[in-house]
Structures are given as C-alpha cells and as structure tokens.
Amino acid sequence: MNTVFRGRHFLNLEDFTKEELDTMLDVSLDLKRKFAMGEDTPYLTNKTGFLMFFEQSTRTRNSMEAGMAQLGGHAGFLDSSSMQVAHGETAKDTAIILSRFGHMIACRYCNWGRGNAYLNEMAKWSSAPIMNLQCDLYHPFQGLADLMTIKEKLPDLRRKKISIIWAYAESHKKPISVPVTQVLLFPRYGMDVWLAYPKGWELPEWVIEQAKANAEKHGGTLTITHDEAAAYKDADIVIPKSWGNWVTDQTGASVTGATAVIDDALVANKSWKCTEAKMATASKDVMYMHALPADRNNEVEDAVIDGPHSIAYDAAENRLHTAKAVMTLLVGGK
C-alpha cells in the first residue's frame with residue numbers, strides 16, 4: 001500500500017488509487033475516534049493553511065478551520081472579494097506567494113467553466129498542496145465524507161443500490177460537482193449506482209464514460225434513467241439533490257457566480273421532490289443523504305430530512321474527520 005501523500009494536490013478523487021482512498025478513510029475513522037475520546041491530535045503543529053473562497057460556505061469552511069485547529073495548526077480564511085484577485089491578480093501569482101507563506105492552499109471556486117481551470121492553474125505554480133473545496137466539476141471532500149458515511153452504515157457495499165437523483169430547487173443554479181464526484185466514486189466500491197434526472201440535466205459524457213469504466217473494473221454498475229420512481233424502488237441509499245443543467249444550458253453563469261434560474265424547463269420538473277411516499281417504495285431500511293444545504297420543501301419534505309431515514313447530519317459531521325485526514329496526509333504525512 002502506498003503511504004506517500006505529502007505534497008500532493010487534492011483536486012479530484014480520481015487522482016488517487018482505491019488503496020489510497022482506503023487509507024484516507026482509515027485515517028478519518030482514527031481521527032473520529034480520537035475526537036470522540038478527547039485525544040489531542042497535534043499532527044500539523046505550527047502549520048498554516050489558507051482557505052480561499054469565491055463562494056459562500058458553511059460546512060466546508062468550518063470543517064477546514066476547525067480541523068486545522070484540532071490538528072494544531074492555523075487556517076486563514078480568505079474571501080476572494082477582499083483579495084487582490086478582485087483587482088485581477090492571477091492564479092499563478094496568488095499560488096506562488098501563498099504557498100511561500102504557508103503549507104497548503106484550499107480553494108472553492110464553482111463558477112461554470114472557470115473553477116476547475118483556476119484550481120489547476122494554481123496547482124501548476126504552487127509549491128504547497130492545492131486542495132479543491134469544490135469547483136464546477138468536482139467536490140472531493142464531500143465525496144470522501146459521503147463514502148465514509150455509507151461505509152459506516154453499510155459495511156458491505158457491493159451490489160448495494162445507491163440512487164443519485166436530481167431534485168427541484170429554486171435557491172440558485174447549483175454546480176454539478178457533487179453528482180459528478182459521486183457517480184465517479186461509488187462504482188469503485190462495487191455499488192449499483194443509479195443516476196436519475198429529467199432530460200436536459202445530463203452530466204458530461206466523459207464523466208459517464210469514466211464512471212462506467214470504474215464500474216466495470218471494480219464490479220459495480222451504473223444505470224442511467226429519466227424514471228424517478230425506478231431510482232427510488234428498492235434503493236438502499238437515496239441522494240436526491242438539485243444540480244444545474246450546465247451541460248446543456250449555461251444560462252445563469254456570471255463572473256460573480258451562478259444566479260437563480262427559475263424558467264419553464266425547471267418548473268416543469270417541480271414534481272422531482274423527495275417525499276415520504278417515494279421513500280416508502282425504497283428498501284425498508286433506506287437512508288436519505290444530502291450534501292446540504294437542502295432546499296427544504298423543494299428538494300425534500302421536512303418529514304424526510306428530519307425523519308428516521310435521514311443520515312444527512314452524520315455525513316455533514318464526517319466532513320470534519322475526512323478534512324482532517326486529507327490535511328494530515330498531504331501536509332504532515334510521509
């Protein structure tokens with residue numbers, strides 16, 4: 001098993017082997033136990049990380065800040081609107097200087113067509129690890145926390161039906177990064193992954209091709225459907241979450257981030273909502289997940305997200321433990 005992580009970038013879970021992901025999960029579980037027991041974990045003493053945000057954040061920012069503090073280091077929050085980035089400073093110059101100041105740079109930049117390119121440009125020039133806090137294509141920290149949570153609840157993942165289901169939302173046109181990350185990751189653990197969405201909300205074809213290759217290699221499956229009911233039927237885990245139709249329609253994109261787009265195409269699919277009635281068609285022990293924040297009463301009924309099948313808050317907590325594991329391995333590891 002490869003234990004060499006230090007100095008590597010964390011942009012996409014596809015950059016890491018399954019064994020390496022397993023190591024991250026093992027470290028996450030160890031850190032979670034120690035957190036529960038109140039044991040100190042000073043693995044990043046005197047280390048400094050920069051957390052750079054182009055968008056708002058609750059779980060991501062606070063899991064990284066709290067995690068760095070619990071590891072003995074310091075995280076500095078950087079709002080891009082108050083940085084020289086707002087005056088045109090390049091990703092290259094920002095990455096070179098911040099990486100000389102500290103030991104890691106983590107960045108969230110979700111703008112369609114901009115975020116992933118910006119992170120890769122930073123990675124090209126940074127002398128410290130660049131970590132993806134969510135871009136327009138990937139959300140690796142969320143994916144790792146989702147996987148950790150599923151493994152905690154279902155120790156044997158092979159042939160479990162995991163349904164990633166588009167859901168209606170009005171708050172803003174959300175990135176595709178969560179479903180893209182999940183549909184690439186889950187087949188690597190032998191799951192039967194269902195991807196359900198209305199026509200027009202497709203993910204990129206190269207994502208589907210890679211997900212199918214991952215499934216074939218690791219014994220999982222990928223089923224794509226426009227039939228919401230089929231995705232719920234007998235599912236072990238359902239993940240109903242909105243994502244924008246960026247692949248087919250770039251309406252709502254702007255330099256300052258995505259805006260709300262409530263058009264006829266969106267409203268026509270308002271019935272794509274997670275309800276108790278739909279949950280009743282799944283496995284009797286079905287679990288509901290969501291990366292949060294959920295658009296309550298649009299994406300999901302309160303009775304579901306607050307009910308006995310919901311593990312959304314468990315997954316949110318695991319954002320802390322997986323963040324600490326990634327930082328420990330990439331910043332303080334071998």
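**Stop 1: the largest pocket**

Begin with the largest pocket of this predicted model, which holds about 660 Å³ of space. To find its middle, select Q56, R108, Q134, H172 and P175, the lining residues that lie nearest the centre. Then widen your view: the full lining has 34 residues. Try colouring that lining by class, and you will have 12 nonpolar, 14 polar and 8 charged residues.

Where does this pocket lie with respect to domain 1 and domain 2? Give each domain its own colour, with domain 1 as residues 18–138 plus 318–332 and domain 2 as residues 141–315. Both domains contribute residues to the lining, so the largest pocket lies between them.

**Stop 2: the second largest pocket**

Next, select F53, F54, D79, S80 and S81. These residues lie nearest the centre of the second largest pocket, which has 16 lining residues. The space here comes to about 310 Å³. Its lining is made up of 7 nonpolar, 6 polar and 3 charged residues.

**Stop 3: the cavities**

How many cavities of 30 Å³ or more does a search of the whole structure find? There are 2.

For the largest cavity, select K173, W201, G244, V261 and L266, which lie nearest its centre among 15 lining residues. About 120 Å³ of space lies inside. In the lining of this cavity you can pick out 7 nonpolar, 4 polar and 4 charged residues.

The second largest cavity has about 30 Å³ of space. Select N12, L13, E14, Y138, T181, L184 and L185 to see its lining. Sorted by class, the lining has 4 nonpolar, 2 polar and 1 charged residues.

**Stop 4: helix α5**

Finish by selecting residues 140–153, which form helix α5. Here is a check you can make yourself: at 1.5 Å a residue, the 14 residues of α5 should span 20 Å. Put a distance label between the C-alpha atoms at its two ends, and the model's 20 Å agrees with that expectation.

Is α5 largely enclosed or largely open? Of its 14 residues, 11 are buried, so the rest of the structure largely encloses this helix. You can select the buried ones as P140, F141, Q142, G143, L144, A145, D146, L147, M148, T149 and I150.

Now show what covers them. Among the covering elements are the helices α1 (18–37), α2 (59–70), α6 (177–185) and α12 (312–331). The strands β4 (130–135) and β8 (237–241) are also part of that cover.

Technical notes. Residues numbered from 1 in each chain as written. Predicted model: local features only at pLDDT ≥ 70, side-chain atom pairs only at ≥ 80, totals over all residues. Heavy atoms only, no water. Helix = DSSP H or I, 4+ residues; strand = E, 2+ residues; numbered from the N terminus. Expected span 1.5 Å × (residues − 1). Buried < 20%, exposed > 50% of the residue type's maximum accessible area, 1.4 Å probe, protein only. Contact = heavy atoms within 4.5 Å. 1 Å grid on protein atoms, 1.4 Å probe; cavity = no way out; pocket = protein on both sides within 12 Å on 5 of 7 lines; lining within 4 Å. Points joined across faces, edges and corners; volume = space filled by probe spheres on them. Nonpolar A, V, L, I, M, F, W, Y, C, P; charged D, E, K, R; others polar. Domains from an automatic or database assignment.
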